[in-house]
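The following exchange asks on what grounds certain terms are applied to a protein model. Each reply sets a value against its definition.

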Amino acid sequence: PNGAGKTTTIRMLAGIIGPSSGTAIVAGIHPDREPERLHEAIGLLPETPGFYERLSAKRNLQYFAGFYPSIDSQTQIEKYLRLIGLWERQSDRVASFSKGMKQRLALARALLHEPKVLFLDEPTAGLDPEVASELRKLISNLSQAGRTIFLSTHNLAEAEQLCDRIAVVHTRLVALDTADNLRRRQFQRSIIVRLESVSDELLETVKQLAFVLDAERQKERITVRLEDSDRDRPELVSRIVEASGRILEIFEEQHSLEEVYLRLVRDEEASPS
């Protein structure tokens, strides 16, 4: 949520501000001890990137590339302007760019020196859906190429789409895991069976099965918790058919990442400090 400390965390990990307590290691470097060395190993796309608006896109990147004398600036600038789709606009003033174009240019700037770790703070905030989708594709391609990316976002669908692991922060680290594992920790797996009709006898048959932990009826559906969903699902289907149940559909109940997030935050707020 807002005020949870996401941007502050990124600023500390990027060596921009020092922590009041605790330590961290990024790319093998302590951010508070060797910030200049760290800046050679990381790239940062801040929430509101700044540029010299009266200069062209290429001239802006040339200026920032000057902070990394070991790189071939011309090669890197062309590489990333082409990657982000702004090569044809390289001579245009940044002042003429849309917010989405500036975000892409900021991403190119963060990548010029081929950093090991890339920090992205709300990269798609305020962008229209089409531009945000294009930027997500760029980020996904960078991740698939082996780049470590630390992404801060309010968009839970975006987090699930882009991230291998998801951290929920609420002034402290509340949870850290894959999206599927976070779901399993907050919600028990349930199988939903949709039938033409559900009689009392059929429901009772399902409840009496040895591997069924619980079963509830909602109109033409039975929601079932099994001892082992993957193992027991075929047997469940077989027993329902034997009991003359006409199955229309069977699927696992899916909980959104938003539901997981809300439960985690509510539990955190309800717990004693």
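**Pockets, burial and aromatic pairs**

Q: What makes up the lining of the largest pocket, by residue class?

A: The lining of the largest pocket divides into 18 nonpolar, seven polar and five charged residues. Here Ala, Val, Leu, Ile, Met, Phe, Trp, Tyr, Cys and Pro count as nonpolar, Asp, Glu, Lys and Arg as charged, and the others, Gly among them, as polar. This is a predicted model, in which local features need pLDDT of at least 70 and side-chain atom pairs count only at pLDDT 80 or more, while totals for chains, interfaces and linings use all residues. Residues are numbered from 1 along each chain as its sequence is written, and side-chain values use heavy atoms, with hydrogens and water left out.

Q: Which element supplies the largest share of the lining of the largest pocket?

A: Strand β3 does, with five residues. Helices and strands are DSSP runs numbered from the N terminus (helices: H or I, at least four residues; strands: E, at least two).

Q: Why is Gln186 called buried or exposed?

A: Gln186 has a relative accessibility of 17% and therefore counts as buried. The term buried means under 20% relative accessible area, exposed over 50%, and partly exposed in between (1.4 Å probe, protein chains only). Gln186 is found in helix α8 (residues 179–186). Leaving aside neighbours within four places in sequence, Gln186 is in contact (heavy atoms within 4.5 Å) with Val260, Arg263, Leu264 and Asp267.

Q: How many aromatic pairs are there?

A: The count comes to six aromatic pairs. Rings of Phe, Tyr and Trp (its six-membered ring) pair if their centres lie within 6.5 Å; planes under 30 degrees apart count as stacked, over 60 as edge-to-face and the rest as tilted.

Q: What makes the pair of Tyr52 and Tyr63 stacked or edge-to-face?

A: The ring centres of Tyr52 and Tyr63 are 5.3 Å apart and their planes stand at 85°, so the pair is edge-to-face. This pair links distant parts of the chain, 11 residues apart: Tyr52 is in the loop between β1 and α3, and Tyr63 is in helix α3.

Q: Why are Tyr52 and Tyr63 classed as they are for accessibility?

A: Tyr52 has 43% relative accessibility and so counts as partly exposed. Tyr63, at 34%, therefore also counts as partly exposed.

Q: What describes the pair of Tyr63 and Phe64?

A: The rings of Tyr63 and Phe64 have centres 5.1 Å apart and planes at 75°, so this pair is edge-to-face. Phe64 is buried, because its relative accessible area is 18%. Tyr52, Tyr63, Phe64 and Phe67 form one aromatic cluster.
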